[in-house]
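Here are my comments on the model you sent over. Have it open while you read.

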Amino acid sequence: MLFGLTNAPSTFQTTMNQLLSQFLRRFVIVFFDDILIYSSSLDDHLMHLEIVLQCLLSNVFYVKLSKCLFCQESIEYLGHIVSSRGVHADPSKLDAMMKWAPPTNVKQLRGFLGLTSYYRCFIAHYASIAAPLTDLLRLDSFTWSATSSTAFQALKKAMMAAPVLCLPDFTQDFIIETNASMCGIGAVLMQEGHPIAFFSKKLGPKMQIASVYIKELHAIIEAVLKWRQYLLGHFFIIRTNHKSIKELLQQVIQTPDQQVYVKKLLGFQFHIEYKPDVSNRVEDALSRVPAEWPSDSTTPSNFMALVSIPTFCIIQQHQQENSSDPFLLEFHSCATQDTLEHPFAIVQGMVTHKGRYVLSPTFSLCKTVVSEYHDTPSGGHAGVKRTLARVAASFFWPRMRQTVTSFVADCLLCQQIKYSTQVPAGLLQPLPIPEEV
């Protein structure tokens with residue numbers, strides 16, 4: 001192949017694909033001028049060699065003997081070592097990574113990340129480890145720091161510990177295990193418990209603030225599209241730690257995000273299984289970097305800072321209501337006369353019913369409480385039963401069910417998003433046409 005010709009590489013690759021089309025993926029793989037012939041036995045290998053060489057000779061293509069290797073049990077091909085054990089990274093490339101000096105500019109950093117990214121399918125959590133380094137590639141953001149140095153050394157260490165990946169067997173079912181975290185997603189393609197390839201990806205700012213359901217669904221779609229060449233036309237299993245996604249194909253598709261993601265899964269034959277977090281360790285490591293705990297303490301200090309207890313901001317309003325509302329003042333009067341019945345009691349100046357705060361049914365605080373348990377992100381616009389159970393756990397007032405039912409029925413967002421669970425009505429019966437005015 002002459003150098004400097006337009007479209008010469010693609011033309012030569014197309015020629016080789018057409019030349020060896022009947023042998024490709026049966027016992028031949030070709031990439032430009034690198035032809036790999038693989039066989040399960042020596043006799044088959046000699047026959048395959050003769051077939052390929054005869055095909056090249058008949059089409060006036062020649063191979064250079066000094067660049068050829070024959071009857072090898074292990075061979076280097078495109079930066080990988082291929083053998084009967086599987087596929088692993090070339091040790092010479094790994095040695096070059098270990099000797100790579102800390103980058104001093106963006107060009108050197110881009111070269112290092114380009115070399116390591118070529119083997120990212122071997123690394124269990126490549127995107128999470130390399131995240132501090134990829135952030136330096138932004139415009140005018142290259143500032144080498146302690147965090148960058150730590151990530152640089154961690155990436156080297158991960159490359160040296162890269163596992164041996166097995167080759168895919170298309171007679172067996174593929175298994176994809178996925179997981180998503182706040183900063184990234186991860187997945188692993190397996191067969192019979194042995195990994196074939198790892199995949200991890202850093203999430204953008206928009207996806208980082210998305211819901212957990214969307215992140216987990218995004219991880220599944222990205223993994224399926226990444227390995228579609230293995231999965232298309234074959235049955236495979238998807239395992240996720242998000243239980244609601246298990247019924248993805250049976251549930252009602254409501255949101256635009258669901259419609260977009262489910263559309264990308266059309267044409268694939270798969271089954272989704274739920275895998276709890278306890279056993280979801282491999283793909284969980286792909287999407288997050290575990291925090292370092294202090295060696296002299298069994299409990300991390302940053303975890304202690306996150307421990308909190310729920311508090312109600314409306315307690316002060318309720319205290320004022322106990323001193324002014326006639327409905328509640330009647331309970332205080334009964335308590336003073338020692339005639340208050342058993343379910344009710346006075347605790348810290350407020351009326352309670354079996355340990356729950358009693359509200360006046362005519363006070364606006366009732367709707368505020370229902371709105372807190374229904375409209376907020378923690379409420380999630382739940383139905384009447386779930387909202388009533390949450391409200392009844394802390395508050396009580398007469399005709400409370402009626403108040404919650406009317407509030408949920410009047411919720412505009414629920415009317416716009418949720419579908420009706422009633423039995424469809426019959427066909428409309430038109431009124432008779434009048435004959436007179």
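The points below cover a sheet, two spots where helices come in, and one serine. Keep in mind that this is a predicted model.

1. Start with the sheet. Four strands make it up, in the order E11-E12-E13-E14, and it is open, with mixed pairing. At the edges you'll find E11 (344–347) and E14 (395–396); each has a single partner strand, so one side of each has no neighbour in the sheet.

2. Now look at how E14 is held. Its pairing with E13 (residues 356–358) is parallel and runs over two bridges. If you want a residue to click on, take Tyr357, whose bridge partner in E14 is Phe395. As a reminder, strands of a sheet pair through backbone hydrogen bonds, either parallel or antiparallel.

3. A helix also packs on this sheet: H13 (residues 315–322) touches E12 (350–353) and E13. The direction of H13 makes about 100° with that of E12.

4. Next, H17 (residues 400–409). Which of its residues are buried? They are Met400, Val404 and Val408. Looking down the axis of H17, you'll see them fall within an arc of 60°, so they line one face of the helix. The spacing fits the textbook rule: an α-helix has 3.6 residues a turn, so residues three or four places apart point the same way.

5. What covers that buried set on H17? The cover includes H15 (365–374), H16 (384–392) and E14, the last being the edge strand from point 1.

6. Finally, Ser83, which sits in strand E4 (residues 80–83). Is Ser83 buried or exposed? Its relative accessible area is 15%, and buried means under 20%, so Ser83 counts as buried. Beyond its neighbours within four places in sequence, Ser83 is in contact with Glu73 and Ser74.

How values were computed
Residues numbered from 1 in each chain as written. Predicted model: local features only at pLDDT ≥ 70, side-chain atom pairs only at ≥ 80, totals over all residues. Heavy atoms only, no water. Buried < 20%, exposed > 50% of the residue type's maximum accessible area, 1.4 Å probe, protein only. Contact = heavy atoms within 4.5 Å. Pairing = 2+ DSSP bridges. Axes fitted to C-alpha atoms, helices over the stretch in contact; angles between N-to-C directions. Arc of directions from axis to C-beta.
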